[in-house]
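Here is a friendly tour of a protein model, with contacts, cores and sheets taken in turn. Keep the viewer open as you read.

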Amino acid sequence: MAKLLVPLVMLGAVAGSHRCPPRCLCPAAAPNPTLLCARTGLLAVPPTLDRAAVELRLADNFIGAVGRADFANMSSLVHLTLSRNGLRRLAPGAFADLRALRALHLDGNRLPALSGAQLRGLASLRHLILANNQLAAIEPAAFAAFAATVEDLDLSHNNLPALPWEAVAGMASLATLTLDHNLLERVPAGAVARLPRLARLDLTANRLRALPPVPGPPGPSLAAGGNPLHCNCELLWLRRLARPGRLESCASPPPLAGRLLWAVPEEELACRAPAIAGAAADPAAVLEGQPLRLGCAAAGDPPPALHWLGPDGRLVQNGSRRAVRPDGSLELRVATLRDHGAFTCVASNAAGEAAARVQVAVLPLPVPRSDGDGDAEAGPGPSDMARAGGNESRAAGERRIVAAELTASSARIRWLPQRHVPGIRMFQIQYNSSLDDSLVYRLLPPSSRSFVLRDLAAGREYDLCISALYAEGATALPTARALGCVRFATAGGAPGCAALPRPHFLGGTVIIVIGAAIATSVLVFILILTARYKAAAARRPPAAVASVCSQTNGTHRPPEPEPPPLPPALPPPAPMGAAGGGARGLFPSHSYPRRARTRRHGSLPRLDLPDAAPTLRPSFGSTHWMLESTV
């Protein structure tokens, strides 16, 4: 008996060692397959893991990287712990097969960043612990796989200067968000309000000077101590929630520095309306086509936000020709006559707003005039931009840029030759629609005097400027010089219909012509066949058809006309063996119908025709009678 037990024990040990990696514990009493490999000195994920395991603990080892195949086919794994391993690298798709995983612990490692591919496939994840790493950046797509299921997100003790708040705001089931001990400087307004199930938010020990209001009461439990808060009227909501013992303190303004927020009276949390210290244009006057910068400085508590209104009273938006800088200054890359007038700088904060006007002078370019010798000289006068709306017709020598041959989708632009300035390398055309700030550029050779703009929108106004690019050192002029601008409008098209380009129209016409030619050819061919068939039918002789009387079994048909009588036939020869009067005397000839036999499509011989005549075989379309005589 003992001899039989020894092999069985050894076989069980071999089978158990195959399922349980070396140095790991696999409790047999556990209800689900569990692998306990913590603190075993592992340098990598064991390749002999039980792929049916439900829980795997690999904490406190020396695993520096996780590969794509380390956790492959472990679709039943629910809990995975990789804490305190010094982990530096996660391969893309390392957890792609862990569709049932609910808890992932990656705290206490050295991960520098998170990308969207590293956490792909975690469709059931509820707890993600990434504390005590070296995270400095997180891609917005990193949380996409489990945004709808995650309930606990821990990113504390990292180096995060910012967070993908849009991705975080989409976590509808998030209940705990831990962000303490990072480098966060800002929390967007409304980001926390979009988390309906949030119960705890920890923002301790960051660099936040302001906090947006959180929903409540009851609202989430908020911890924001250790931040250099600027205590003013924007923190009144937090002061009303504060209780003795909370750690939120003021770092500014100086009268409140170092004081706990809950101990500051509400009347001391005040704001100061903005005041504009100065606003000016640099330079104050420019020629059209040149750049211009408008500066504005304002002070207030909290620092006011700056925005600009154009001469037409509309809010200035960032585009290809205009841009508002982070410091509040407005840059006009290409000034036009529409920019002539007063811009308004508006500064606003929680306490109010202030405004200041800045005058901008945009001078039209001089228009060259030709004398009798044909030489052009520059003279003052309005440019085409000032009067391009009407597209008035004037002499070609009095206009620098002309928009002609205007259609719904094209326009021809002409400009004067620049013979008085040598060294031109090329011309640059830039234009945009009045409804779009995106500029379109074209570069033309120096010999060009006109250019056709195509693919324009129907019924729109366009602003176009032309600049001449000069060779370095050829003249004393700058490298690029604006020649002038013009405004023109394309012809209006039918609503909802776009004018087809000419090649498309010609292509459709050719297709229609070819189709008509093919149809005509087929019709003529049919007519010819019909005529030939009728001519052949007319030349064919009619077929001779004999009239016969037909009768079917038991069916009565009306009598048909009798055929013409046949010529008298020769008397039949006397039967063999007849004596005296022959058989006619002994057996008088008497025939009567015994039975009707039908013969279809047969023929009867003609016995009355001479032998030389050809034998005719009349066809019968019906049955005829064959009479049998009884001798």
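Setting aside neighbours within four places in sequence, Gly226 is in contact with Ala205, Asn206 and Leu247. This glycine sits in the loop between strand E13 (221-223) and strand E14 (229-230). Its relative accessibility is 53%, so Gly226 counts as exposed, the cut-off for that class being over 50%. There is also a link across the sequence: Gly226 and Ser249 are 23 residues apart along the chain, with 7.3 Å between their C-alpha atoms. Please bear in mind that this is a predicted model.

Thr34 makes a useful counterpart. This threonine belongs to strand E1 (residues 34-36). Is Thr34 buried or exposed? With a relative accessibility of 11%, Thr34 counts as buried, because the limit for that class is under 20%. The Thr34 side chain reaches the backbone oxygen of Asn32 at 3.0 Å. Not counting residues up to four places away in sequence, Thr34 touches Leu25, Cys26, Pro27 and Glu55.

**Cores and rings**

In soluble globular proteins, nonpolar side chains tend to be buried together. Here, the largest nonpolar core has 73 residues, and those with the most contacts inside it are Phe71, Leu80, Phe95, Leu104, Phe143 and Leu155. Helices take part as well: helix H2 (165-169) and helix H3 (236-241) each supply at least two residues of this core. Apart from this core lies another one, of 20 residues, which includes Ile401, Ala403, Phe427 and Leu464.

Which residues does Leu104 touch, leaving out those up to four places away in sequence? The list is Leu80, Phe95, Leu119, Leu122, Leu125, His127, Leu128 and Ile129.

On the aromatic side, the model has 5 aromatic pairs. One of them joins Phe71 and Phe95, and the two rings are stacked, at 6.1 Å centre to centre with 25° between the planes. This pair links distant parts of the chain: Phe71 lies in the loop between strand E3 (65-66) and strand E4 (79-81), while Phe95 lies in the loop between strand E5 (89-90) and strand E6 (103-105), 24 residues apart. Both Phe71 and Phe95 are buried. Elsewhere, ring pairs link Tyr431, Tyr462 and Phe488 into a cluster.

**Sheets and strand pairs**

Next come the strands, beginning with an open sheet of 4 strands in the order E16-E18-E21-E20, where the pairing is antiparallel. Its edge strands are strand E16 (272-282) and strand E20 (322-324), each of which pairs on one side only. On average, neighbouring strands of this sheet are turned by 15° against each other, direction ignored. Within the pairing of E20 and E21, Ala323 has Glu331 as its bridge partner.

Another open sheet has 3 strands, in the order E26-E27-E30, again with antiparallel pairing. Why is one side of E26 and of strand E30 (450-453) left without a neighbour in the sheet? E26 and E30 stand at the edges with a single partner strand each, so one side of each is left free of a neighbour in the sheet. The twist averages 20° from one strand to the next. E26 and E27 form a hairpin with 6 residues between them, and Glu405 in the turn has a positive phi of about 50°. Two residues of the 20-residue core, Ile401 and Ala403, reappear in this pairing: Ile401 has Trp415 in E27 as its bridge partner, and Ala403 has Ile413 in E27.

Four strand pairs are set side by side here for checking in your viewer.

| Strand pair | Direction | Bridges |
|---|---|---|
| E20 and E21 (330-332) | antiparallel | 3 bridges |
| E17 (285-287) and E23 (352-363) | parallel | 3 bridges |
| E22 (341-349) and E23 | antiparallel | 9 bridges |
| E26 (401-404) and E27 (411-415) | antiparallel | 4 bridges |

Strand E23 has both a parallel partner, E17, and an antiparallel one, E22. Where E23 runs alongside E17, Leu287 stands opposite Leu363. How many residues lie between E22 and E23 in their hairpin? There are 2 residues between these strands, and Asn349 has Gly352 in E23 as its bridge partner.

Key: Residues are numbered from 1 along each chain as its sequence is written. This is a predicted model: local features need pLDDT of at least 70, side-chain atom pairs count only at pLDDT 80 or more; totals for chains, interfaces and linings use all residues. Side-chain values use heavy atoms; hydrogens and water are left out. A nonpolar core is a set of buried Ala, Val, Leu, Ile, Met, Phe, Trp, Tyr and Cys residues joined through side-chain atoms within 4.5 Å. Buried means under 20% relative accessible area, exposed over 50%, partly exposed in between (1.4 Å probe, protein chains only). Contact means heavy atoms within 4.5 Å. Two strands pair if DSSP finds at least two bridges between them. Axes are lines fitted to C-alpha atoms, for helices over the stretch in contact, and angles run from 0 to 180 degrees between N-to-C directions. Rings of Phe, Tyr and Trp (its six-membered ring) pair if their centres lie within 6.5 Å; planes under 30 degrees apart count as stacked, over 60 as edge-to-face and the rest as tilted. A polar contact is a pair of N or O atoms within 3.5 Å; within protein, one must be able to donate a hydrogen and the other to accept it, and residues adjacent in sequence count only if both atoms are side-chain atoms.
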